[in-house]
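Visitor: Please take one part of this chain and go through it closely. Then show me what else surrounds that kind of part elsewhere in the model.

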Amino acid sequence: MDYLDDLKTLVALHARAQGMGPRHTRRILDSITTLEDGEGGWADAWFAEGTARLEAGRDREAIQLFNLARFPFASSPRRKQAYKACTAAFTNWAAEIDGVEKLTVALDGSTVPVWFRGLPTDGPSPLLVVIGGIVSPKEQWAEMLLSARALGMAVVIADFPGVGENSTRYSENSSVLISAIVDAVSTRMMIEGVHALAMSFGGTLVLKAAATDPRIRSMVTVGAPIKYLFGSASISGELPAATVRTLEHVTGATGSALASTLAGCALDDRELDRIKIPVLYIKSSQDEITPAAESQLVRDRIVNSRVIEFDDVHGSPEHMTAIRLWTIEALMQQTGRKPVAGAALSLILSLGSRLSMLSPVDLGRRAA
């Protein structure tokens with residue numbers, strides 16, 4: 001598979017995650033013949049669709065399309081223009097949502113913008129930290145700014161290092177970002193425990209942070225690399241080209257320097273053993289990025305963990321509804337909060353094999 005085809009396959013997951021229909025996505029992808037800017041180009045095709053939605057007053061859809069125009073990262077003039085349009089449209093949309101504000105996180109001499117929405121209370125409340133992986137800017141998780149309140153949680157959405165507006169580089173020390181985000185939010189609210197929804201490499205950061213930051217109480221992660229992906233053999237030939245090129249972008253390293261940088265990003269056994277919080281680890285049986293050995297490592301080393309598996313590729317794009325429901329259920333259990341819809345959701349998930357699309361293979365728990 002060449003790089004363009006690789007990106008087309010990968011972007012389908014992120015389009016689905018944002019609620020885009022497969023027919024709409026396929027129509028745009030079929031019009032793309034090159035990664036270069038210009039006619040038939042990747043960025044131009046998505047950007048044109050986004051501009052049309054923006055002019056029609058459909059800001060949320062425009063944000064999604066501009067995001068995919070810069071995918072997997074802003075490496076050309078049109079991609080950079082698209083991400084600028086994405087952040088501008090997002091800012092306009094966020095201004096209409098009660099309680100949403102942009103905060104600045106101080107990190108090693110840099111500033112990292114995040115979006116935050118508190119609860120209408122002066123008392124303590126749980127905080128949900130949402131972070132994507134190496135190709136997902138914070139704007140992709142706009143829905144969480146709306147839905148977290150229904151779970152009784154404040155929420156902050158953030159960019160992974162090297163992604164979106166986060167200009168820091170991904171390295172073995174990047175997990176300090178998570179604690180820095182919590183520090184920044186603590187100036188705006190009283191935090192009653194930190195919980196996380198972290199996708200892919202974002203999950204790696206949160207797991208590392210959880211080994212040292214006692215404020216983190218629980219997490220749900222989808223396809224987080226733990227240890228084996230970070231080996232040089234994996235980087236040299238087993239990973240999709242899009243993943244390797246994006247890792248080069250977020251780390252600022254190539255070749256042997258990339259292998260050396262990533263080796264330090266893995267979690268070691270001592271870190272894994274220090275993670276005592278409830279962890280729901282969602283994996284895919286056909287994951288081309290995170291091998292099956294990673295989920296076995298979670299079961300072996302992380303107490304109070306649970307691993308569930310969908311028959312799908314990385315991120316389980318064909319099971320997005322199920323992942324959302326399992327995530328909500330896990331967060332409700334982990335925070336001890338039960339919104340009105342909680343009982344109905346628990347019933348849906350308990351139906352098990354009668355709703356196969358909602359029923360992953362449960363690979364087991366390791367109770368503390």
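**A close look at β7**

Guide: In strand β7, the side chains split between two directions: V279, Y281 and K283 point one way, while L280, I282 and S284 point the other, and all are buried. This is a predicted model. In general, side chains in a regular strand alternate between the two faces of the sheet. β7 covers residues 279–284, and six of its six residues are buried, so the strand is mostly covered, buried being under 20% relative accessible area.

β7 has partners. Strand β6, residues 216–222, runs parallel to β7, and four bridges join them. T221 stands opposite Y281 of β7. Strand β8, residues 305–310, also pairs with β7 in the parallel sense, here over six bridges. K283 of β7 has E309 of β8 as its bridge partner. From β7 the chain passes through helix α13, residues 292–301, to reach β8, and this β-α-β crossover is right-handed.

Now turn to strand β3, residues 125–131. It is mostly covered, with seven of its seven residues buried. β3 pairs with strand β5, residues 191–199, in the parallel sense over six bridges. One of the facing pairs is S125 with I191 of β5. Strand β4, residues 154–158, runs parallel to β3 and is joined to it by five bridges. There, I131 has A158 of β4 as its bridge partner. The link from β3 to β4 goes through helix α6, residues 142–147, and this β-α-β crossover is right-handed.

Strands β1 and β2 pair in another sense. β1 holds residues 100–107 and β2 holds residues 110–117; they run antiparallel, joined by eight bridges. T104 has P113 of β2 as its bridge partner. The two strands form a hairpin with two residues between them, and D108 takes a positive phi near 50° there.

A94 leads back to this hairpin. A94 sits in helix α5, residues 77–94. Its relative accessible area is 1%, so A94 is buried, the cut-off being under 20%. Leaving aside residues up to four places away in sequence, A94 touches V100 and W115. V100 falls within the range of β1 and W115 within that of β2. A94 and R117 are 23 residues apart in sequence, and their C-alpha atoms lie 9.9 Å apart in space.

Next, helix α8, residues 201–210. All 10 of its 10 residues are buried, so α8 is largely enclosed by the rest of the structure. The buried residues are F201, G202, G203, T204, L205, V206, L207, K208, A209 and A210. Note that K208 is in that buried list.

Two helix pairs are worth a stop. Take helix α3, residues 42–55, with helix α4, residues 59–69. Their axes come within 8 Å and cross at roughly 170°. An angle over 145 degrees counts as roughly antiparallel, so α3 and α4 are roughly antiparallel to each other. On the α3 side, the contact is made by W42, A43, W46, F47, E49, G50, T51, R53 and L54. On the α4 side, D59, E61, A62, L65, F66, L68 and A69 take part. By class, the contact of α3 with α4 has 10 nonpolar, two polar and four charged residues.

The second pair is helix α10, residues 241–251, and helix α11, residues 255–263. Their axes come within 11 Å and cross at roughly 75°. Angles from 65 to 115 degrees count as roughly perpendicular, so α10 and α11 are roughly perpendicular to each other. From α10, V244, L247, E248 and T251 meet L258, T261 and L262 of α11. This contact divides into four nonpolar, two polar and one charged residues.

Last, the whole chain. The protein chain has 15 helices and nine strands. Of its 368 residues, 57% are buried. Take the contacts between residues at least 6 apart in sequence: 71% of them join residues at least 24 apart.

Back to the starting point. β7 is mostly covered. It pairs in the parallel sense with β8, and β6 runs parallel to β7 as well.

Conventions. Residues are numbered from 1 along each chain as its sequence is written. This is a predicted model: local features need pLDDT of at least 70, side-chain atom pairs count only at pLDDT 80 or more; totals for chains, interfaces and linings use all residues. Side-chain values use heavy atoms; hydrogens and water are left out. Buried means under 20% relative accessible area, exposed over 50%, partly exposed in between (1.4 Å probe, protein chains only). Two strands pair if DSSP finds at least two bridges between them. A crossover is right-handed if, with the strands pointing away from the viewer, the path from the first strand over the helix to the second runs clockwise. Axes are lines fitted to C-alpha atoms, for helices over the stretch in contact, and angles run from 0 to 180 degrees between N-to-C directions. Angles under 35 degrees count as roughly parallel, over 145 as roughly antiparallel, 65 to 115 as roughly perpendicular and the rest as oblique. Contact means heavy atoms within 4.5 Å. Ala, Val, Leu, Ile, Met, Phe, Trp, Tyr, Cys and Pro count as nonpolar, Asp, Glu, Lys and Arg as charged, and the others, Gly among them, as polar.
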